[in-house]
Amino acid sequence: LVNTNGQELLADKIEGCEVSPAVGGIFSVKDSNGMWHFYTATVEMRQIGKEYLETGAFTGRLAPVVCTEGWIQYIDKGGNVAFDFKMADSLGVTEAYNFHNGLARFRSANGLYGFVNENGEVVIPAKFRSAGDFAEGVAVVKGIIEDGKLRNNSQYDWAVINTNGDEVYSRTDADVRLGERMYYRDGLLPVSIETAEELSVNGR
């Protein structure tokens, strides 16, 4: 690791096949056995937690990991398990992501996405075929399932929701499509119409 002054940190201290970027002062290393380990990005580095099958990042107070037993956990910066995340609304959890704006995206066994808070509470149920992370207090979701059916029977139905799960606005027109970047930056979201355009948080 090299800091902004060009100073090398941890030189010759880490042996690994892959090293993640440092986020929140912590980075992870994949060893030759395919296991991941967290370390503090300090000269006197120290290991955090145990070894894991997969690791996320400390974009918030917690980071997601897949423990050696094979299920998802969220741990704090001391390596302590904040909560196990095996189930959500009576369904298994197959994927979990980093926290943004206090919420983390997850995917349940039925293939739908929802959001969990730092207490391990599902605050927005898994009812979206795809979803972006929260940014600037909102998240973009697509393919909204209501009463077991695709809302409006449209693959182009998408919406912007707040951290309570309430819709800020929605779009169903096929000529306004989401791009790969499904999150807001500086109040704007890139979409595809006939030419490149961006939508503000109020949908304009």
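These are my notebook entries on a predicted model, covering its nonpolar cores, its largest pocket and two charged residues.

**Cores**

I looked up the largest nonpolar core first and found 17 residues in it. The residues with the most contacts inside this core are Ile72, Tyr74, Phe83, Phe85, Val93, Phe106 and Val116. Strands S7 (72–75), S10 (91–100) and S11 (103–108) are the elements that give two or more residues to it. The most comes from S10, which gives three residues. I also noted another core apart from this one, with 12 residues, including Tyr113, Ile124, Phe128 and Phe134. As background, nonpolar side chains in soluble globular proteins tend to be buried together.

I then listed the contacts of Ile72, setting aside residues up to four places away in sequence. Ile72 touches Val65, Val66, Asp84, Phe85, Lys86, Val93, Thr94, Glu95 and Ala96.

**Largest pocket**

I read off a volume of about 200 Å³ for the largest pocket. Its lining consists of Glu54, Thr55, Gly56, Pro64, Val65, Val66, Ile72, Thr94, Glu95, Ala96 and Tyr97. Ile72 is thus on two of my lists: it lines this pocket and is among the core residues with the most contacts. By class, I have six nonpolar, three polar and two charged residues in the lining. At least two lining residues come from each of strand S5 (54–55), strand S6 (63–66) and S10. S10 has the largest share, with four residues.

**Arg105**

Is Arg105 buried or exposed? I found a relative accessible area of 12%, and the cut-off for buried is under 20%, so Arg105 counts as buried. Arg105 sits in strand S11. Its side chain reaches the backbone oxygen of Ala131 at 3.4 Å. Beyond four places in sequence, Arg105 touches Tyr74, Ala96, Tyr97, Asn98, Tyr113, Gly114, Phe115, Ala131, Gly132 and Asp133. Of these, I had already noted Tyr74 in the largest core and Tyr113 in the other one.

**Glu136**

I placed Glu136 in the loop between strand S13 (122–131) and strand S14 (138–146). Glu136 is partly exposed, at 44% relative accessibility. Which residues does Glu136 contact, leaving aside neighbours within four places in sequence? I listed Asn101, Tyr184, Arg185, Asp186 and Gly187. For Gly187 I have a distance as well: its backbone nitrogen lies 2.7 Å from a polar side-chain atom of Glu136. I also looked up Thr42, which is 94 residues from Glu136 in sequence and 30 Å from it in space, C-alpha to C-alpha.

Terms used: Residues are numbered from 1 along each chain as its sequence is written. This is a predicted model: local features need pLDDT of at least 70, side-chain atom pairs count only at pLDDT 80 or more; totals for chains, interfaces and linings use all residues. Side-chain values use heavy atoms; hydrogens and water are left out. A nonpolar core is a set of buried Ala, Val, Leu, Ile, Met, Phe, Trp, Tyr and Cys residues joined through side-chain atoms within 4.5 Å. Buried means under 20% relative accessible area, exposed over 50%, partly exposed in between (1.4 Å probe, protein chains only). Contact means heavy atoms within 4.5 Å. A polar contact is a pair of N or O atoms within 3.5 Å; within protein, one must be able to donate a hydrogen and the other to accept it, and residues adjacent in sequence count only if both atoms are side-chain atoms. On a 1 Å grid over the protein atoms alone, a cavity is a set of points where a 1.4 Å probe fits but cannot get out, and a pocket is an open set with protein on both sides within 12 Å along at least five of seven lines; lining residues have an atom within 4 Å of a point. Grid points are joined across faces, edges and corners, and a volume is the space filled by probe spheres set on the points. Ala, Val, Leu, Ile, Met, Phe, Trp, Tyr, Cys and Pro count as nonpolar, Asp, Glu, Lys and Arg as charged, and the others, Gly among them, as polar.
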